[in-house]
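Visitor: Before we look at anything in detail, I would like to hear how each label is earned. Could you take me through the reasoning step by step?

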Amino acid sequence: MVGMFPKVEEVMTDVALMDLVHSSDEFLQELSRRAGLSGRMLHVRRSVFDGSLGETDVEILVENEDGRHALLVENKIDAPVMPMQFERYQLRGRAGVADGRWTSFRVMLFCPKGYFSHLPDEHRRYVDVHLPYEDVIAFAAERPAFAFKKALFEAAVEGHRRGYVKIADEPVMAFYRGYYEIASREFPQLRMDEPIIKGMGSTWVIFPPLNGMRRVSLVHKYLEIGCELSVATKDVAAFCEAVRPFLDEDMVVRETKTIAYVNIRTLPVNHLEAFDEAAPKIRKALAALDRLRAFAERPEVWKEIRRYAIPEALIGVPAKTRLS
């Protein structure tokens with residue numbers, strides 16, 4: 001049955017865990033026992049945000065005569081570990097005690113055994129309980145009604161074996177977080193995604209697709225070439241020739257085999273230098289990216305993008321917000 005799941009995402013195992021907690025009192029009691037808790041379930045919620053303290057994948061709240069008790073679950077298959085990720089779980093747990101949401105809490109890591117075995121001590125020390133996927137598989141194997149969930153978790157474990165755990169590089173992540181703060185505050189129209197994981201090899205900032213076109217986006221290659229409008233096309237030379245008359249004086253086109261770029265050179269930024277020194281160069285680059293955005297959205301340019309870009313379905317953007 002593993003073959004029915006080409007790839008298992010964490011959201012799928014989040015929901016499967018919630019369903020087990022909700023539908024099987026036996027499973028809930030075993031889960032509570034491992035966490036040193038007991039009581040009747042009050043609620044189980046997914047993706048619970050707590051302001052600056054981040055997100056809890058699955059929050060389980062039980063109640064007994066001593067009060068309410070929270071089990072805060074981080075679910076991992078092969079996703080990278082973020083800096084302070086498990087420490088923030090502890091902080092959210094303490095905040096819940098302080099504001100009266102629960103009397104006590106435990107932080108649980110729900111993941112394959114192989115994931116936990118490679119988790120560095122700097123993260124592991126904030127985890128109170130480890131629930132392996134393999135133990136859920138064993139639980140489901142004895143109960144035919146849970147055959148589908150058994151197959152799901154088996155596929156997830158197999159997917160983990162084919163993957164690896166990547167640890168975020170903290171200095172690089174600090175750079176990207178600072179970059180994101182400037183971009184989101186001063187250039188919200190660029191719609192920069194909040195950085196999730198960046199390692200030492202990360203030297204590009206890639207912005208979301210423009211106007212729903214999957215392969216049309218802005219890129220800041222900050223160590224080298226500067227800011228670019230990237231357009232995937234089957235006829236790079238023809239696209240470059242079509243937009244060349246519309247270029248501003250400091251814009252140039254670059255051709256690769258399958259992607260055309262409109263480039264504005266900006267000063268290189270070293271993500272390891274003091275951020276106060278990098279910030280002015282980042283602002284100038286963001287201004288250049290905003291110019292490229294405006295350039296792409298000029299009707300005469302967008303017409304050529306729509307003409308030459310590799311035809312793909314638009315990404316869930318309401319028709320009234322798309323350029324035509």
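Guide: Let us start with a cut-off: a residue is called buried when its relative accessible area is under 20%, exposed when that area is over 50%, and partly exposed in between. Please keep in mind that this is a predicted model.

Visitor: Why is Cys227 called buried?

Guide: Its relative accessible area is 0%, and because the label requires a value under 20%, Cys227 counts as buried. Cys111 is judged in the same manner, and with 0% relative accessibility that residue is buried as well.

Visitor: What makes a bond between Cys227 and the closest cysteine sulfur impossible here?

Guide: A disulfide needs two cysteine sulfur atoms within 2.5 Å, whereas the sulfur of Cys227 is 18 Å from the closest one, in Cys240, and therefore too far for a bond. The structure as a whole holds zero disulfides.

Visitor: Why is the pair of Phe139 and Phe146 called stacked?

Guide: Two rings pair if their centres lie within 6.5 Å, and planes under 30 degrees apart count as stacked. Eleven aromatic pairs are counted by this rule. Phe139 and Phe146 are 6.2 Å apart from centre to centre, with 20° between the planes, so both conditions are met. Phe139 is buried at a relative accessible area of 12%, and Phe146 is buried at 12% too.

Visitor: What makes the pair of Phe175 and Tyr222 tilted?

Guide: The ring centres of Phe175 and Tyr222 are 5.0 Å apart and the angle between the planes is 50°; because stacked requires under 30 degrees and edge-to-face over 60, this pair is left as tilted. Phe175 lies in helix H8, while Tyr222 lies in the loop between strand S7 (216–221) and strand S8 (226–232), so the pair ties together parts that are 47 residues apart in sequence. Phe175 and Tyr222 are both buried, and they belong to one aromatic cluster with Tyr176, Tyr179 and Phe275.

Visitor: How do you know that helix H10 has a length close to the expected one?

Guide: Helix H10 (residues 275–297) has 23 residues and reaches 32 Å from its first C-alpha to its last, which is close to the 33 Å expected at 1.5 Å a residue. Its buried residues include Ala278, Ile282, Leu286, Leu289 and Arg293.

Visitor: What makes Ser47 and Arg191 worth pointing out?

Guide: Most residues other than glycine have a negative phi. Ser47, in strand S1, has a positive phi of about 55° although it is not a glycine. Arg191, which is found in the loop between H8 and strand S6 (204–206), likewise has a positive phi of about 55° without being a glycine. With a relative accessible area of 23%, Ser47 is neither under 20% nor over 50%, so it counts as partly exposed; Arg191, at 41%, is also partly exposed.

Visitor: Which helix gives the most to the lining of the largest pocket?

Guide: That is H8, with five residues. About 980 Å³ of space lies in this pocket, and of the 32 residues that line it, Glu55, Met82, Gln85, Arg88 and Ile196 are the closest to its centre. The lining divides into 13 nonpolar, six polar and 13 charged residues.

How values were computed
Residues numbered from 1 in each chain as written. Predicted model: local features only at pLDDT ≥ 70, side-chain atom pairs only at ≥ 80, totals over all residues. Heavy atoms only, no water. 1 Å grid on protein atoms, 1.4 Å probe; cavity = no way out; pocket = protein on both sides within 12 Å on 5 of 7 lines; lining within 4 Å. Points joined across faces, edges and corners; volume = space filled by probe spheres on them. Helix = DSSP H or I, 4+ residues; strand = E, 2+ residues; numbered from the N terminus. Nonpolar A, V, L, I, M, F, W, Y, C, P; charged D, E, K, R; others polar. Buried < 20%, exposed > 50% of the residue type's maximum accessible area, 1.4 Å probe, protein only. Expected span 1.5 Å × (residues − 1). Phe/Tyr/Trp six-rings, centres within 6.5 Å; stacked < 30°, edge-to-face > 60°.
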